[in-house]
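Please open the structure in a viewer and follow the stops below in order. Each stop indicates what to select and what is to be found there.

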Amino acid sequence: MKKIIQNSLEGEYEIESEADILTLRVKKDYLLSIMNSLKTNEELLFNQLTDICGVDYSLFGKPEWKTKEVTSSGYSRGIKASSHGRIKFGETVDALNTEDRFCVCYHLLSIKYNRRIRVKVYINEDPQILPSVTSIWSSADWYEREAFDLFGILFENHPDLRRILTDYGFIGHPFRKDFPLIGNTQIRYDPNLKKIIQEPVDIEPRVLVPKVIREKK
Amino acid sequence: MKEFKNFTMNFGPQHPAAHGVLRLVLQMEGEVIKNADPHIGLLHRATEKLAESKPYNQSIGYMDRLDYVSMMCNEHAYVLSIEKLLDIDIPERAKYIRVMFDEVTRILNHLLWLGAHALDIGAMSVFLYSFREREDLMDCYEAVSGTRMHATYYRPGGVARDLPTTMPKYEKSEFKNKDEIKALNHNREGSMLDFLKDFTSRFPECIDEYENLLTDNRIWKQRTVGIGVVDASRAIDLGFTGPMLRGSGVNWDLRKKQPYEVYDKLDFDIPIGKTGDSYDRYLVRIEELRQSNKIIKQCISWLEKNPGPVMIDDAKVAPPNRDNMKVEMESLIHHFKIFTEGYCVPEGEVYAAVEAPKGEFGIYMISDGANKPYRLKIRAPGFAHIAALNEMCKDHMLSDVVTIIGTQDIVFGEIDR
């Protein structure tokens, strides 16, 4: 598989991992040409786009307490919350990775050769913009709308880039790691105003288990 | 008199044929649909984000609630992805149990689909027949997991517990006398496997009954033949999987092409359609009922002969034996650790997919080495199918929308996530 890719794929890419599915890391400028040849090259024929997934890497590898240093400090070690699940409205998560923060990950399937491949593009600029692959695979349409809705990644030349999963008029991109799990606003009917109003949430975050990274012995 | 030609119509979100909370904005020209714009997300619960804030095992229950008519298949993809990341192999018996329940789930799903689809198009009685058999399979769910639907039965490392040796029985009530109770309980005297075996011997005749009602039924054919036609290359391009893809004549089934668990050891066929219309997809699903029944039979005969563990013997992943927990310090610590902090999964990313009744149900999981997934992406088959609703509905009549929603086997739990 790796050999076929190396022989038949033109353009700039690097192989990021081979552990599960062969993963290519592609630069934004080469995305469309590489995707095109992945689909049309006779040796590859990745004719189905299985999935597009947005990822926010800003808290990658950042636990809420370190297991090595703080064992003596007892119960207090997991108290300070810093992940999206444990912060309240208005609080911010600390220590954001800003380099390679956003990534879009494409899963492709070749029905003829029974192979899968994963293509990842990291985005560094703000706002996050990528070329749309809807012209290559029709199924990309809604997957890109989803990535836009949940992560705020914009897709150039997408025919109809609207929100898809969140409510009409929703503000923010909820799957970003700095968006609190309990949300920012809640909706209720106000009997005095006789209309539905939005107000800041009054729910307390309830995630009790802190994120821990333990190294394998 | 004023003549209206084009108008916009709202279909749903509260409509019995919308299978949940689908809102369709239809551009009509008379009774012909020119454009259909599905508005989804009314059932969005951010399952993926919730999973990011919980230890791995606590999200298994969320998976049941995605595609809430094929519960265990969703769990299967989730636990497979964790097992892939942990790089563990589960006991053979657990694999057979999983395959058996995957196929039970497929029958459950297809029966609900069949009943609801026929009801939408105007055949009331099929619904009653298909729910008669669903009840028995629900009892199997209840016997192994304690719940009829949201089982949480599959766990990373195997399944929660071994198959029960008894089936729950009907009890005497003021509405039923002794003889009636005895007749109801006649196949519940043995173990769960005996009950399921009895079911598999009865079930092919039940499928014949459904087919008698529908397959050559003139009205059924008028409503489904030539409706929602998708050719093979379009079906692939639109991301179709499962019966939607096979109905268009593409021979693609993950159970055969990328076998997981023990599917490569079992004997079954993959039905494919020809024309890619709603009727062909109906035929494909009916044949899948028969094939699933065949697979269940093979699993039962293997499981009867091969007792053994159903969970891996690894205290870091699987909870310890309850008896040991009471007497051993180590087991108590492991138990405490697993149920408070959970286990840490090595850094990496993985995509695990199963052939769920509706198509390819995949889990893409990224781990940063923590006790919670860093990112979980659910690849739901229905999402790609409903994205193609506009293309399938174009230039059809309004009443055909109901057929097309039905033939896509849409469930909003998995589409909205």
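**The interface between the chains**

Begin with chain A and chain B of this predicted model. Select the residues of each chain that touch the other: the contact draws 60 residues from chain B and 59 residues from chain A. Between them, the two chains bury about 4,700 Å², and 55% of this area lies on carbon and sulfur atoms. Next, select Lys49(B), Tyr374(B) and Phe383(B), the residues of chain B that lose the most area to chain A. Together, these residues account for 16% of what the chain B side buries.

**Polar and charged pairs across the interface**

Now display the side chains on both sides of the contact. Chain B and chain A are linked by 12 salt bridges. For one of them, select Lys377(B) and Asp51(A), whose side chains meet at 3.0 Å, N to O. Polar contacts join 37 residue pairs between chain B and chain A, counting pairs with both residues at pLDDT 80 or more. Colour the chain B side by residue class: where it touches chain A, there are 27 nonpolar, 12 polar and 21 charged residues.

**A stop within chain B**

Leave the interface selection and select helix H7 of chain B, residues 192-214, in which Thr200(B) lies. Is Thr200(B) buried or exposed? Thr200(B) counts as buried because its relative accessibility is 1%, below the 20% cut-off. To view its surroundings, select Asn293(B), Ile296(B), Lys297(B) and Ile300(B); Thr200(B) is in contact with these residues, leaving aside its neighbours within four places in sequence.

Note on methods: Residues numbered from 1 in each chain as written. Chains lettered and ligands numbered in written order. Predicted model: local features only at pLDDT ≥ 70, side-chain atom pairs only at ≥ 80, totals over all residues. Heavy atoms only, no water. Contact = heavy atoms within 4.5 Å. Buried area = accessible area lost by both parts, 1.4 Å probe. Salt bridge = Lys/Arg side-chain N within 4 Å of Asp/Glu carboxyl O. Polar contact = N/O pair within 3.5 Å; in protein donor to acceptor, adjacent residues only side chain to side chain. Nonpolar A, V, L, I, M, F, W, Y, C, P; charged D, E, K, R; others polar. Helix = DSSP H or I, 4+ residues; strand = E, 2+ residues; numbered from the N terminus. Buried < 20%, exposed > 50% of the residue type's maximum accessible area, 1.4 Å probe, protein only.
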